[in-house]
Amino acid sequence: AYRGRSLSSLSAAIDDGTLRGGMVIYMNTAPGRDRASLNLSYRPHWMTYLGRDGSGVPRFSDQYGTSYSVEQVAASYAPRVIDAFFNPYSRN
């Protein structure tokens, strides 16, 4: 449901329960075209949603940092958009 939407829509995905703590976000500039992250021209990137901090602010991490807010993700990783969410704890 969130494929192709801006990174600022991560807030809505958290609020509606689609994105939960521990889930992985895959973003790039060509959603649906390169799930294996092989085409670097699409600028693939992966992040983990950590959950809300003690103040209730959603936090994200990647190999560059461990405490991004939604606003920081949207500003730092544009023009990428959401491609997919993955739940590493799902049995499917």
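The following paragraphs lead through a predicted model, from its sheet to its strands, its salt bridges and two residues of a loop.

The sheet provides the frame for the description. Five strands make up an open sheet, arranged in the order β4-β3-β2-β1-β5, and their pairing is antiparallel. The edge positions are taken by β4, residues 65–68, and β5, residues 81–86; each has a single partner strand, so one side of each is left without a neighbour in the sheet. On average, and with direction ignored, neighbouring strands of this sheet are turned by 30° against each other.

One may now follow the pairings from strand to strand. Strand β1, residues 24–28, runs antiparallel to β5 and is joined to it by five bridges. In this pairing, Asn28 stands opposite Val81 of β5. Strands β2 and β3 also run antiparallel, and four bridges join them. Here Tyr49 is found opposite Phe60 in β3. The two strands β2 and β3 form a hairpin with five residues between them, and Gly56 in the turn has a positive phi of about 85°. A further hairpin consists of β3 and β4, with two residues between them. The antiparallel pairing of β3 and β4 extends over two bridges, and Asp62 has Gly65 of β4 as its bridge partner.

How is β3 placed with respect to the rest of the structure, enclosed or open? Five of the five residues of β3 are buried, so the strand is largely enclosed by the rest of the structure. In a regular strand, side chains alternate between the two faces of the sheet. For β3, both faces are covered: Pro58, Phe60 and Asp62 are buried on one side, and Arg59 and Ser61 are buried on the other. Ser61, which belongs to strand β3 (residues 58–62), may serve as an example. Its relative accessible area is 14%, under the 20% limit, and Ser61 is therefore buried. Apart from residues up to four places away in sequence, Ser61 touches Met47, Thr48, Leu50, Thr66 and Tyr68. The edge strand β5 is likewise largely enclosed by the rest of the structure, because five of its six residues are buried.

The charged side chains come next. Side chains of opposite charge can pair when their charged atoms come close. In this model the count comes to three salt bridges. One of them joins Arg3 and Asp83, with the closest N and O atoms 3.0 Å apart. This pair links distant parts of the chain, since Arg3 lies in the segment before α1 (10–15) and Asp83 in strand β5, 80 residues apart. With a relative accessible area of 3%, Asp83 is buried, whereas Arg3 is partly exposed at 43% relative accessibility.

Another salt bridge is formed by Asp15 and Arg52, where the closest N and O atoms are 3.1 Å apart. Asp15 belongs to helix α1 and Arg52 to strand β2, so the pair ties together parts that are 37 residues apart in sequence. Asp15 counts as exposed, at 60% relative accessibility, and Arg52 is partly exposed, with a relative accessible area of 46%. In a further salt bridge, the side chains of Arg59 and Asp53 meet at 3.1 Å, N to O. Asp53 counts as partly exposed at 27% relative accessibility, while Arg59 is among the buried residues of β3.

The loop between β1 and β2 (45–52) holds Asp34. What is the nearest side chain of opposite charge to Asp34, and how far away is it? The nearest such side chain is that of Arg35, 9.1 Å away; Asp34 is buried yet has no salt bridge. A polar atom of the Asp34 side chain does, however, lie 3.0 Å from the backbone nitrogen of Leu38. With residues up to four places away in sequence left aside, Asp34 touches Tyr26, Asn39 and Tyr42.

Ser41 lies in the loop between β1 and β2 as well. Ser41 counts as exposed, because its relative accessibility is 57%, over the 50% limit. The side chain of Ser41 makes a polar contact of 2.5 Å with the side chain of Asn39. Along the chain Ser41 and Leu7 are 34 residues apart, and their C-alpha atoms are separated by 19 Å.

Key: Residues numbered from 1 in each chain as written. Predicted model: local features only at pLDDT ≥ 70, side-chain atom pairs only at ≥ 80, totals over all residues. Heavy atoms only, no water. Pairing = 2+ DSSP bridges. Axes fitted to C-alpha atoms, helices over the stretch in contact; angles between N-to-C directions. Buried < 20%, exposed > 50% of the residue type's maximum accessible area, 1.4 Å probe, protein only. Lys, Arg positive; Asp, Glu negative; His and termini not counted. Salt bridge = Lys/Arg side-chain N within 4 Å of Asp/Glu carboxyl O. Polar contact = N/O pair within 3.5 Å; in protein donor to acceptor, adjacent residues only side chain to side chain. Contact = heavy atoms within 4.5 Å.
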